[in-house]
Amino acid sequence: MRVKDIYTTDVDLISPQATLKEAVAFMIKEKTNNLVVVDEEKVFLGIVTAKDIIRAILPDFLEDKKIAALAGESTFDKVVKAASDVLVGDFMNTTISQVRLDVPLTNVAATVLYKNEARLPVVDLNKKVIGIVTRTQIKQAIAIVLGVE
């Protein structure tokens with residue numbers, strides 16, 4: 001099997017110029033924890049996950065677990081509001097692997113496993129996003145091979 005056999009074209013795309021608040025609103029509306037970041041021509045730039053958003057609202061001083069434990073409820077509210085206008089392009093993950101339609105699923109499964117990436121954007125030769133492959137789709141491919149319904 002190859003990527004073309006299991007990928008989906010249903011991808012939640014967002015601009016790097018969108019704000020953190022807009023990204024959160026989009027995630028809530030679409031019931032997703034990840035968005036693929038693309039430019040105006042749909043060229044892949046990165047991914048934003050719920051974890052990236054949490055990291056973006058967490059000020060540097062709170063990255064120390066001991067200090068973070070002392071922060072109160074009002075601190076959370078303040079840091080969230082302060083980060084609401086941060087641009088997606090400033091905190092997106094740009095190190096995510098991408099795959100093309102002809103890539104064997106063994107390669108995709110290895111990438112997902114060893115790079116701990118839950119989803120891989122599917123791109124064409126010009127790096128334009130045309131779909132996505134997720135761990136769930138890989139699991140479903142395994143089920144097909146095993147004859148599991």
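For the description of pocket linings, Ala, Val, Leu, Ile, Met, Phe, Trp, Tyr, Cys and Pro are counted as nonpolar, Asp, Glu, Lys and Arg as charged, and the others, Gly among them, as polar. The model is predicted, with local features requiring pLDDT of at least 70 and side-chain atom pairs pLDDT 80 or more, whereas totals for chains, interfaces and linings use all residues. Residues are numbered from 1 along each chain as its sequence is written, and side-chain values use heavy atoms, with hydrogens and water left out.

The largest pocket (on a 1 Å grid over the protein atoms alone, an open set of points where a 1.4 Å probe fits, with protein on both sides within 12 Å along at least five of seven lines) has a volume, taken as the space filled by probe spheres set on the points, of about 290 Å³. Its lining (residues with an atom within 4 Å of a point) comprises 13 residues, of which Thr49, Lys51, Asn93, Asn116 and Arg119 are closest to the centre. Strand E3 (44–49) and helix H3 (50–57) each contribute at least two lining residues; strands (E, at least two residues) and helices (H or I, at least four) are DSSP runs numbered from the N terminus. H3 provides the largest share, three residues. Seven charged, three polar and three nonpolar residues make up this lining.

The second largest pocket encloses about 160 Å³. Among its 13 lining residues, Asp10, Asp12, Thr32, Asn34 and Ile132 lie nearest the centre. Two or more lining residues come from each of strands E2 (34–38) and E5 (129–134), and E2 gives the most, with three. By class, the lining of the second largest pocket consists of five charged, four polar and four nonpolar residues.
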